[in-house]
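Ready for a few warm-up exercises? Have a go at each task yourself before you read the worked solution.

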Amino acid sequence: MNLAALNEIAEKMVTPGKGILAADESSGTIKKRFDAIGVESTETNRRDYRELLFRSTEAMQKYISGVILYEETLYQDAADGTPLVKLIAEAGAVPGIKVDKGTKPLPGFPGETITEGLDGLPERLAKDYERGARFAKWRAVIDIAAGIPTAGAVKANAHALARYARICQEAQIVPIVEPEVLMDGSHDIARCDEVTRFVLQTVFAELFEQRVALEGIVLKPNMVVCGKKCETRATIDECAHRTIAALKATVPSSVPGIAYLSGGQSDEEATAHLNAMNKIGGFPWKMTFSYGRALQAAPQKAWAGRPENVAAAQRAFTHRARMNALASLGKWEDSLETALAA
Ligand code: 5MM
């Protein structure tokens with residue numbers, strides 16, 4: 001393993017003023033997103049949609065540091081025959097690949113899941129590297145409900161994340177380590193805080209045991225927020241302070257950067273939270289975004305599957321990417337949402 005080279009990629013992924021586009025929706029998820037805008041999920045439509053994102057020149061060159069791809073997209077060509085991965089690299093962003101195979105119920109742990117995909121991973125990574133991928137992503141999903149999560153399920157997921165991370169580093173691929181504590185449910189922010197700390201502590205213990213070099217990873221955690229159905233809403237500031245405190249207590253400073261998931265927050269909430277944290281500052285890592293829904297909801301709506309809407313969709317994507325890029329510097333303001341959209 002060449003750790004200096006891994007660290008260089010990881011640092012590039014969390015460059016201040018840029019962040020990661022999570023465009024790695026699996027077939028089931030992209031179908032759900034397309035259903036919502038009345039578009040059939042065919043291979044060509046998925047290609048056309050993702051191509052419009054990667055051809056958003058301003059966004060890709062100025063605000064996006066890396067793109068997480070689903071396997072189909074990594075091996076797909078644009079309408080003119082150019083590999084989509086080449087469009088990303090030519091814009092100066094790092095191409096990455098989601099390598100987990102999704103979640104399955106964890107036997108013995110009702111209501112909890114385990115992420116699968118370790119079988120054959122070294123072989124897949126070698127092929128993906130050949131095609132241009134320089135980082136990978138694996139997502140563990142932790143739900144909060146009565147009696148959930150259990151220590152056993154968290155440990156099983158953390159172990160799989162750590163095995164994946166070490167295998168990636170052997171293949172000279174930077175692992176994004178994504179332990180997502182879901183914001184579904186009615187739990188309050190204190191419960192999210194407690195579970196997030198426990199999950200991160202467990203993940204870093206497993207990363208240490210599996211000999212993962214922390215200088216060569218990027219952490220993709222949830223923010224500490226209330227459950228969607230919680231009646232008492234926390235302020236932007238409370239979420240920001242709690243998230244920073246939870247991470248300071250659990251994430252070693254040798255990790256180059258934190259790239260948050262948006263997890264179902266509204267577009268502007270996800271931007272405001274990231275901005276608030278970077279304004280507060282005082283932590284040892286870069287903090288940026290690795291958003292899926294919070295970057296793509298607006299362009300998907302604007303596109304609606306129509307070729308004549310491509311430019312409008314690209315403008316919508318560029319705007320969200322720009323707003324989040326500013327938030328990664330703590331320079332976003334609510335007023336810019338309308339001022340710069342125009
Ligand atoms: C883009 O969505 C990713 C893939 O999800 P599935 O495997 O369920 O299709 C997802 O892992 C995503 O990268 C992260 O959850 C962050 O996305 P959000 O929308 O939470 O920012």
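**Exercise 1.** In this predicted model, take the axes of H11 and H13: how do they lie relative to each other, roughly parallel or roughly perpendicular?

*Solution.*
- Start with the geometry: the axes of H11 and H13 cross at roughly 20 degrees and come within 8 Å.
- Now apply the cut-off: angles under 35 degrees count as roughly parallel.
- H11 and H13 are therefore roughly parallel to each other.
- Next, look at who meets whom. From H11 come Asp-267, Thr-271, Leu-274, Asn-275 and Asn-278, and they meet Arg-320, Met-323, Asn-324 and Ala-327 of H13.
- Sort those residues by class, and the contact of H11 with H13 has three nonpolar, four polar and two charged residues.

**Exercise 2.** Find helix H12 (residues 293–303) and work out which of its residues are buried, and what covers them.

*Solution.*
- Count along H12: eight of its eleven residues are buried, so the helix is mostly covered.
- Name them: Arg-293, Ala-294, Leu-295, Gln-296, Ala-298, Pro-299, Gln-300 and Trp-303.
- Then look at the cover over these buried residues. It includes two strands, S1 (19–23) and S10 (286–291), along with helices H2 (27–36), H3 (43–54), H11 (267–280) and H13 (310–327).
- Finish just past the end of H12, where Ala-304 follows with a positive phi, near 50 degrees.

**Exercise 3.** Strand S1 was part of that cover. Which strands does S1 pair with, and in what sense?

*Solution.*
- With strand S2 (residues 64–69), S1 pairs in the parallel sense over five bridges.
- Here you can spot Ala-23 standing opposite Leu-69 in S2.
- With S10, S1 also pairs in the parallel sense, over two bridges.
- On this side, Ile-20 stands opposite Ser-290 in S10.
- As for burial, five of the five residues of S1 are buried, so S1 is largely enclosed by the rest of the structure.

**Exercise 4.** Is Val-99 buried or exposed?

*Solution.*
- Locate Val-99 in the loop between strand S3 (94–98) and strand S4 (103–105).
- Recall the cut-off: a residue is buried if 20 or more other C-beta atoms lie within 10 Å of its own.
- Val-99 has 23 C-beta neighbours inside 10 Å, so Val-99 counts as buried.
- Leave out residues up to four places away in sequence, and Val-99 touches Gly-117, Leu-121, Arg-124, Leu-125, Ala-136, Lys-137 and Trp-138.
- For a distance check, try Gly-66: Val-99 and Gly-66 are 33 residues apart in sequence and 16 Å apart in space, C-alpha to C-alpha.

Methods: Residues are numbered from 1 along each chain as its sequence is written. This is a predicted model: local features need pLDDT of at least 70, side-chain atom pairs count only at pLDDT 80 or more; totals for chains, interfaces and linings use all residues. A residue is buried if 20 or more other C-beta atoms lie within 10 Å of its own, exposed if 12 or fewer, and partly exposed in between; C-beta atoms are placed from the backbone. Helices (H or I, at least four residues) and strands (E, at least two) are DSSP runs, numbered from the N terminus. Two residues are in contact if their C-beta atoms, placed from the backbone, lie within 7 Å. Two strands pair if DSSP finds at least two bridges between them. Axes are lines fitted to C-alpha atoms, for helices over the stretch in contact, and angles run from 0 to 180 degrees between N-to-C directions. Angles under 35 degrees count as roughly parallel, over 145 as roughly antiparallel, 65 to 115 as roughly perpendicular and the rest as oblique. Ala, Val, Leu, Ile, Met, Phe, Trp, Tyr, Cys and Pro count as nonpolar, Asp, Glu, Lys and Arg as charged, and the others, Gly among them, as polar.
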